[in-house]
Amino acid sequence: MTDQPSRRPRKTGKPYRRPKKDPVRILAFEALRAVDERDAYANLVLPALLRKAREDHPDTFEARDAALATELVYGTLRRQGTYDAIIAACVDRPLREVDPPVLDVLSLGAHQLLGTRIPTHAAVSATVELARVVLGDGRAKFVNAVLRRITADDLDGWLERVAPPYDEDPEDHLAVVHSHPRWVVSALWDSLGGPRAGIEDLLEADNERPEVTLVARPGRTTSDTLLDGLGPDRALPGRWSPFAVRLTEGGEPGAIDAVREGDAGVQDEGSQLVALALADAPLEGSDSRWLDACAGPGGKAALLAGLAAQRGATLLASEKQPHRAGLVAKALDGNPGPYQVIAADGTRPPWRPGSFDRVLVDVPCTGLGALRRRPEARWRRRPEDLEGFAPLQRALLRTALESVRVGGVVAYATCSPHLAETRAVVDDVLKREGGAELLDARPLMPGVPALGEGPDVQLWPHLHGTDAMYLALLRRTA
């Protein structure tokens, strides 16, 4: 009789546990993947994901969950450069070799650990659970190991480790500490001028959550009516624009009756000031035909249309892209006065030269002035993008000057403070084309401080609480 092999007892490890699905963090991860994979914008993707979450979890997904998801997405995107530097110091391979979904999870975890008040243990465990759900158990172990290394220090301690000293490389130091690409730091500093304190204030303002500002559309409602309807706990008057109302708490502006009905819209106060400056610029002679030559998506056009109607003038709103022209039409629907919306190329317009008294040309640009609202734009833009926009910006300004009558006024506006998109464009067109002169725009923004030496105006997030809108006013002289 042969001996039977003895049976070894099974190892008794912990039983397998299914990962807990956290709707908030899964939503935040999905938003980051959409931004990375599809070049989506968070401000467009996130509302749709929040609506779906409410539909899927009507009894459990609360307002505080929406607020946390929003903070995780925007906070992670704003501080991505800083977190990348810290994560790179905690992994044993170049960051480019880390799979993008893994890096998104790590960035979400880093933001919870270094940029929120979420307790350390909760931040680590919740992020590891997320990794188990979206990445699998194997990569979740890698995430856990990296996050444990990040917990070794707070944000200030990490910045001392990973940011080069300011004295050795000021721009690279600011780029890491304030999470902007180096070239953007350099461009903003050139435009702003001044010492270190000013550029640091600006970069920090880009990383703060911006207020939501409403515009009361003239002829449809007033800022006082909006304030009365919202109450002092929910809204404050605008700082500079008489049509502005600032929301003091979160929530979806689309849920406000006046916004849903089109009597008010969401519009940064800087954009309001640009439209108001054009409307208030001194003019001799006729004042009956106004043009918004790059009208999409319609915020400035709606404000101008209301102001024009009060003066017996009409507005033509032109937008090259048909779908954006549709957004303009929606924004202007219900305007009390006459207006027209067309889909047309502003560089090859269907109207005759000299047809208008006032013209707004808010040109396509890099959007470096709105990094508070679109934080992902700072990582997508490249210096070479400026070369692509430059011919279009000049062509649009030239056409705008041709479109206005002699004595009429053109407002050249852009949501970028980059000198190549602002003064360089205006100076170049004036030098090459002639027939126009710059007007001092500063008196047309009464009460607004720190407007510089003029005659053009550059607004700043850290000085004015607005996007970094640029405005030059030009009068056609010949």
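1. Let me open with a definition: a salt bridge here is a side-chain nitrogen of Lys or Arg within 4 Å of a carboxyl oxygen of Asp or Glu. By that rule arginine 324 and glutamate 319 meet through their side chains in a salt bridge, at 3.4 Å from N to O. Please keep in mind throughout that this is a predicted model. The two partners differ in exposure: arginine 324 counts as partly exposed at 30% relative accessibility, whereas glutamate 319 is buried, its relative accessible area being 8%.

2. Staying with charge pairs, how many salt bridges does the structure hold? The count is 39. One of them links aspartate 268 to arginine 373, with the closest N and O atoms 2.7 Å apart. Aspartate 268 sits in the loop between strand S4 (264-266) and helix H14 (269-280), and arginine 373 in the loop between S8 and H17, so this pair ties together parts that are 105 residues apart in sequence. Aspartate 268 counts as buried at 9% relative accessibility, while arginine 373 is partly exposed at 24%.

3. A further pair to look at is arginine 398 with glutamate 433, a salt bridge whose closest N and O atoms are 4.0 Å apart. Here the partners come from two helices, arginine 398 from H18 and glutamate 433 from H19 (residues 423-433), so the bridge ties together parts 35 residues apart in sequence. Both ends are partly exposed: arginine 398 has a relative accessible area of 28%, and glutamate 433 has 44% relative accessibility. Elsewhere, Arg33, Asp36, Glu37 and Asp104 are joined into one network by salt bridges that share partners.

4. Now to helix packing. Helix H10 (residues 182-192) packs against helix H11 (residues 196-206) at an angle of about 125°, and their axes are 10 Å apart. That angle makes H10 oblique to H11, and the crossing of the two is right-handed. On the H10 side the contact is made by Val185, Leu188, Trp189 and Leu192, and on the H11 side by Arg196, Gly198, Ile199, Leu202, Leu203 and Asp206. By type, these contact residues divide into seven nonpolar, one polar and two charged.

5. Which residues of H10 are buried? They are Trp183, Val184, Val185, Ala187, Leu188, Trp189 and Ser191. The cover over them includes helix H9 (170-178), H11 and helix H18 (385-403). Just after H10, glycine 193 takes a positive phi of about 70°.

6. Is serine 179, in the loop between H9 and H10, buried or exposed? Serine 179 is buried, with a relative accessible area of 0%. Its phi is near 55°, a positive value in a residue other than glycine. Aspartate 39 also has a positive phi, near 55°, and is likewise a residue other than glycine. Aspartate 39 is found in the loop between helix H1 (23-38) and helix H2 (42-56), and at 51% relative accessibility counts as exposed. You may like to look at both when going through the backbone.

7. Two cis peptide bonds deserve a place on your checklist. The bond from glycine 296 to proline 297 is cis, with omega near 5°; proline 297 is in the loop between strand S5 (289-292) and helix H15 (299-310). The bond from glycine 454 to proline 455 is cis as well, with omega near 0°, and proline 455 lies in the loop between strand S10 (436-439) and strand S11 (457-458).

8. Proline 375 belongs to the loop between strand S8 (356-362) and helix H17 (377-380). Proline 375 is buried, with a relative accessible area of 0%. Leaving aside residues up to four places away in sequence, proline 375 touches Tyr74, Leu77 and Arg78. The C-alpha atoms of proline 375 and valine 184 are separated by 12 Å, although their positions lie 191 residues apart along the chain as a sequence separation.

9. Finally, a buried arginine: arginine 475, in strand S12 (residues 470-476), has a relative accessible area of 17%, and it counts as buried because the cut-off is under 20%. Apart from residues up to four places away in sequence, arginine 475 touches Pro282, Leu283, Gly407, Gly408, Val409, Gly435, Ala436, Glu437 and Leu439.

How values were computed: Residues are numbered from 1 along each chain as its sequence is written. This is a predicted model: local features need pLDDT of at least 70, side-chain atom pairs count only at pLDDT 80 or more; totals for chains, interfaces and linings use all residues. Side-chain values use heavy atoms; hydrogens and water are left out. Axes are lines fitted to C-alpha atoms, for helices over the stretch in contact, and angles run from 0 to 180 degrees between N-to-C directions. Helices (H or I, at least four residues) and strands (E, at least two) are DSSP runs, numbered from the N terminus. Angles under 35 degrees count as roughly parallel, over 145 as roughly antiparallel, 65 to 115 as roughly perpendicular and the rest as oblique. A crossing is left-handed if the near helix is turned anticlockwise from the far one by less than a right angle, and right-handed if clockwise. Contact means heavy atoms within 4.5 Å. Ala, Val, Leu, Ile, Met, Phe, Trp, Tyr, Cys and Pro count as nonpolar, Asp, Glu, Lys and Arg as charged, and the others, Gly among them, as polar. Buried means under 20% relative accessible area, exposed over 50%, partly exposed in between (1.4 Å probe, protein chains only).
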